[in-house]
Amino acid sequence: MVAFRPMAALAAGAIAAQLPLFGLVLQGQVPALQASWGWSAKPKCNFANGVCMEGPTVEAGKSCMPTCSNGTKDPSNKTALVCPASKAPVGTVTPDDGTVEPDNGWWDICGPGNGTCKANLALGANVTCPAVAKLSAAASSAVSAQGSTAAAVGIAGLALAAGGVRDRSQLRGLVLQGQVPALQAAWGWSTKPKCIFKNGVCVEGATVEAGNTCTPQCSDKTQNVSDKTALACPVSDGKATPDNGWWDICGPGAGACASNNALGATVTCPVAAKAVPASSAVFATGSTAAAVGIAGLA
């Protein structure tokens, strides 16, 4: 019993020490636990397999144009990557009231607190930089030069065959001196290439220019097309072959495009005409019956 009294006194003292805290809680004077939210600077993103064209990183809410770190390579996809926006205030501590977390994933990446975001968000994990380097400008020039030389030799050979050059040594001299013109493709047409609907007409007109759409329509207005979906007339920038197939359709040269691009080969105008409205059919039937009746009376 003697040993129990000191322990009881100690317990009673501990309880007494907590009484003010219990009182504050009951009176609502103890502030609730709040999360510190908002970082000292905007969170940032980077391209996982290279760099952003805009810089090593881009801020939340902006876009990153993927670029390979090795300038001799092109990324597998050049579509801009979006760095998710963040609603968290920068440089401000605010309570976590449930309106921002997970904040497009930034909570897990940056972590709570009011300091610097702990890490960047890596974008474009599926956008790769292939092992094979793209053809350098020097290599492209070399290939072009080789092609020009080959064309020059071919043209010179024709001249030799026609008797314009006395012997092969003279031909070699002309080629080496660069006096034989290189074969070059004239590119670009006097007007924009155009499309037509193969089995009828376009609602927009007889033709539509490259880059526009053609709504298919039967030439016979009593017919309906099998598919009314608009047909896209391929765009043309005239910069390089095949230019969405226009090179083969229009041909080289600076004049008018050789022919139109016929769209919608699978869209047909069925032989059966449009259905006659039921009211018209009833009226026609009635008229026929009336005619028969009058003829019978006669």
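How many disulfides does the count come to? The count comes to eight. For anyone new to the term, a disulfide is a covalent bond between the sulfur atoms of two cysteines. The model here is a predicted one, and three of its disulfides are described below, after a quick look at the chain as a whole.

The protein chain has 298 residues, and 21% of them count as buried. Its secondary structure comes to six helices and 14 strands. The accessible surface adds up to about 19,200 Å², with carbon and sulfur atoms holding 61% of that area. What about contacts along the chain? If contacts with a separation of 6 or more are taken, 56% of them come from residues 24 or more positions apart.

Now for one of the sheets. Three strands make up an open sheet with mixed pairing, in the order 10-8-14. Strand 10 (208-209) and strand 14 (261-263) are the edge strands, so called because each pairs on one side only. Strand 8, which covers residues 194-197, runs parallel to strand 14, and three bridges join the two. Within that pairing, Ile196 has Ala262 of strand 14 as its bridge partner. With strand 10, strand 8 pairs in the antiparallel sense, this time over two bridges. Here Cys195 is the residue that stands opposite Val208 of strand 10.

Which side chains of strand 8 are buried? The side chains alternate along the strand: Cys195 and Phe197 point to one face and are buried. Lys194 and Ile196 point to the other face and are not buried. Put together with the pairing, this means that Ile196, the bridge partner of Ala262, is on the face that is not buried, while Cys195, opposite Val208, is on the buried one.

Back to the disulfides, starting with Cys52 and Cys64, whose sulfur atoms lie 2.1 Å apart. The torsion about their S-S bond is about -100°, so this disulfide is left-handed. The two cysteines are twelve residues apart and the pair links distant parts of the chain, with Cys52 in strand 2 (residues 51-52) and Cys64 in strand 4 (residues 63-64). Are these two cysteines buried or exposed? Cys52 is buried, since its relative accessible area is 4%, and Cys64 counts as buried too, at 0% relative accessibility.

Next comes the disulfide that joins Cys218 to Cys269, with an S to S distance of 2.0 Å. Its torsion about the S-S bond is about -110°, so this link is left-handed. The pair links distant parts of the chain, 51 residues apart: Cys218 sits in the loop between strand 12 (216-217) and strand 13 (231-232), and Cys269 in the loop between strand 14 and helix 6 (278-297). Cys218 counts as buried at 2% relative accessibility. Cys269 has 19% relative accessibility, and because buried means under 20%, Cys269 still counts as buried.

The third example joins Cys250 to Cys257, where the S to S distance is 1.9 Å. With -85° about the S-S bond, this link is left-handed. As for burial, Cys250 has a relative accessibility of 4% and counts as buried. Cys257, at 17%, counts as buried as well.

Note on methods
Residues are numbered from 1 along each chain as its sequence is written. This is a predicted model: local features need pLDDT of at least 70, side-chain atom pairs count only at pLDDT 80 or more; totals for chains, interfaces and linings use all residues. Side-chain values use heavy atoms; hydrogens and water are left out. Helices (H or I, at least four residues) and strands (E, at least two) are DSSP runs, numbered from the N terminus. Buried means under 20% relative accessible area, exposed over 50%, partly exposed in between (1.4 Å probe, protein chains only). Contact means heavy atoms within 4.5 Å. Accessible areas come from the Shrake-Rupley method with a 1.4 Å probe; for residues, only the protein chains shown count as cover. A disulfide is a pair of cysteine sulfur atoms within 2.5 Å.
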